[in-house]
Amino acid sequence: MSSGVAARRDAKKLVRSPSGLRMVPEHRAFGSPFGLEEPQWVPDKECPRCMQCDAKFDFITRKHHCRRCGKCFCDRCCSQKVPLRRMCFVDPVRQCAECALVSHREAEFYDKQLKVLLSGATFLVTFGDSEKPETMVCRLSNNQRCLILDGDSHHEIEIAHVCTVQILTEGFTPGAGSTRATGMFLQYTVPGAEAATQLRLMAGEDANGSKRQAAAWLVAMHKATKLLYESRDQ
């Protein structure tokens with residue numbers, strides 16, 4: 001990919017919406033697959049009362065819209081201003097208690113896991129039915145749209161085309177204290193191909209710290225997959 005094309009993909013612009021300032025991709029097609037669209041606000045005339053505590057709105061009890069769900073609340077039920085990075089808001093925005101809790105949890109992904117995914121890790125990668133794995137560095141692209149694999153060969157997999165992700169672990173649930181992620185099985189579609197392509201990533205056995213880095217990358221990918229499915233279900 002040329003530097004000019006890459007620059008266009010990563011270009012962003014500042015826009016103002018009714019909910020606040022947002023730093024969004026210059027081209028909508030290059031938006032993050034983890035992003036969420038701004039909700040339609042419930043019209044004022046359709047919400048004479050708080051949709052949480054049922055308080056009646058008047059000159060003293062004012063109504064506020066949650067920037068994440070778009071519903072109407074009184075100040076007491078919608079007082080928190082929390083970062084909402086999945087909608088690209090520059091500053092923290094007003095959210096109801098339920099949405100604020102979700103946004104707080106997502107903040108960990110953007111503060112920690114996303115950095116791990118962007119940094120990348122080394123894996124033994126097997127494509128399709130091949131019996132010979134290739135040592136490759138796998139990382140998330142800067143615009144979060146592709147998995148980039150670099151080794152003797154180069155591959156880019158669009159996140160939007162990923163249809164199945166299974167984290168392989170030694171234990172039970174990824175992220176548990178006694179569990180260690182060891183690999184990932186992934187299926188993705190290729191435009192023009194009838195069947196999905198399979199890919200397997202396995203952490204190597206070296207002792208120089210790359211295996212630990214690979215395990216952290218896999219756990220971060222597990223959390224990213226949850227956000228991806230939520231975005232598709234929106």
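# A walk from a disulfide to two cavities

Start by selecting Cys47 and Cys72: both are buried, where buried means under 20% relative accessible area, exposed means over 50%, and partly exposed is in between (1.4 Å probe, protein chains only). Before going on, note that you are looking at a predicted model, in which local features need pLDDT of at least 70, side-chain atom pairs count only at pLDDT 80 or more, and totals for chains, interfaces and linings use all residues. Residues are numbered from 1 along each chain as its sequence is written, and side-chain values use heavy atoms, with hydrogens and water left out.

## Stop 1: the cysteines

Show the sulfur atoms of your two cysteines. A disulfide joins Cys47 to Cys72, with an S to S distance of 2.4 Å; the rule asks for a pair of cysteine sulfur atoms within 2.5 Å. Cys47 sits in the loop between β2 and β3, while Cys72 is in strand β4 (residues 72-74), so the pair ties together parts that are 25 residues apart in sequence. The names of such elements come from DSSP runs, numbered from the N terminus: helices are H or I with at least four residues, and strands are E with at least two. A disulfide is a covalent bond between the sulfur atoms of two cysteines. By this rule the count is one disulfide.

Now add Cys53 and Cys50. Why is there no bond at Cys53? The closest cysteine sulfur, in Cys50, is 3.7 Å from the sulfur of Cys53, which is too far for a bond. Cys53 is partly exposed, at 31% relative accessible area. Select Cys146 as well, and you have a buried cysteine with 4% relative accessibility.

## Stop 2: two unusual backbone angles

Move to Asp54, in the loop between β2 and β3. Its phi is near 70°, a positive value in a residue other than glycine. Asp54 is partly exposed, with a relative accessible area of 47%.

Next, select Gln144, found in the loop between β8 (134-140) and β9 (146-150). Gln144 is not a glycine either, yet it has a positive phi of about 70°. Is Gln144 buried or exposed? At 14% relative accessibility, Gln144 counts as buried.

## Stop 3: salt bridges

Side chains of opposite charge can pair when their charged atoms come close. Here a salt bridge is a side-chain nitrogen of Lys or Arg within 4 Å of a carboxyl oxygen of Asp or Glu, and the count by this rule is six.

Select Glu38 and Arg22. They form a salt bridge whose closest N and O atoms are 3.2 Å apart. This pair links distant parts of the chain, 16 residues apart: Glu38 is in the loop between β2 (20-25) and β3 (63-65), and Arg22 is in strand β2. Glu38 is partly exposed at 24% relative accessible area, whereas Arg22 is buried at 14%.

Now pick Arg85 and Asp111, whose side chains meet in a salt bridge (2.7 Å, N to O). Arg85 belongs to the loop between β5 (80-82) and β6 (93-95) and Asp111 to helix α2 (residues 97-119), so the pair ties together parts that are 26 residues apart in sequence. Arg85 is partly exposed, at 38% relative accessibility, and Asp111 is partly exposed too, at 36%.

Then select Glu106 and Arg86, joined by a salt bridge at 2.8 Å, N to O. Glu106 lies in helix α2 and Arg86 in the loop between β5 and β6, so this pair ties together parts that are 20 residues apart in sequence. Glu106 is buried at 7% relative accessible area, and Arg86 is buried at 2%. Add Arg68 to the view: salt bridges that share partners join Arg68, Arg86 and Glu106 into one network.

## Stop 4: the cavities

Keep those three residues selected. They are among the residues lining the largest cavity, together with Pro83, Leu84, Arg85, Ser103, Ala107 and Tyr110. A cavity is a set of points, on a 1 Å grid over the protein atoms alone, where a 1.4 Å probe fits but cannot get out; lining residues have an atom within 4 Å of a point. The largest cavity has a volume of about 40 Å³, that is, the space filled by probe spheres set on the points, with grid points joined across faces, edges and corners.

For the last view, select Phe34, Ile159, Val162, Val165, Met221, Ala224, Thr225 and Leu228, which line the second largest cavity. Which element gives the largest share of this lining? That is α3, with four residues.

Technical notes: 1 Å grid on protein atoms, 1.4 Å probe; cavity = no way out; pocket = protein on both sides within 12 Å on 5 of 7 lines; lining within 4 Å.
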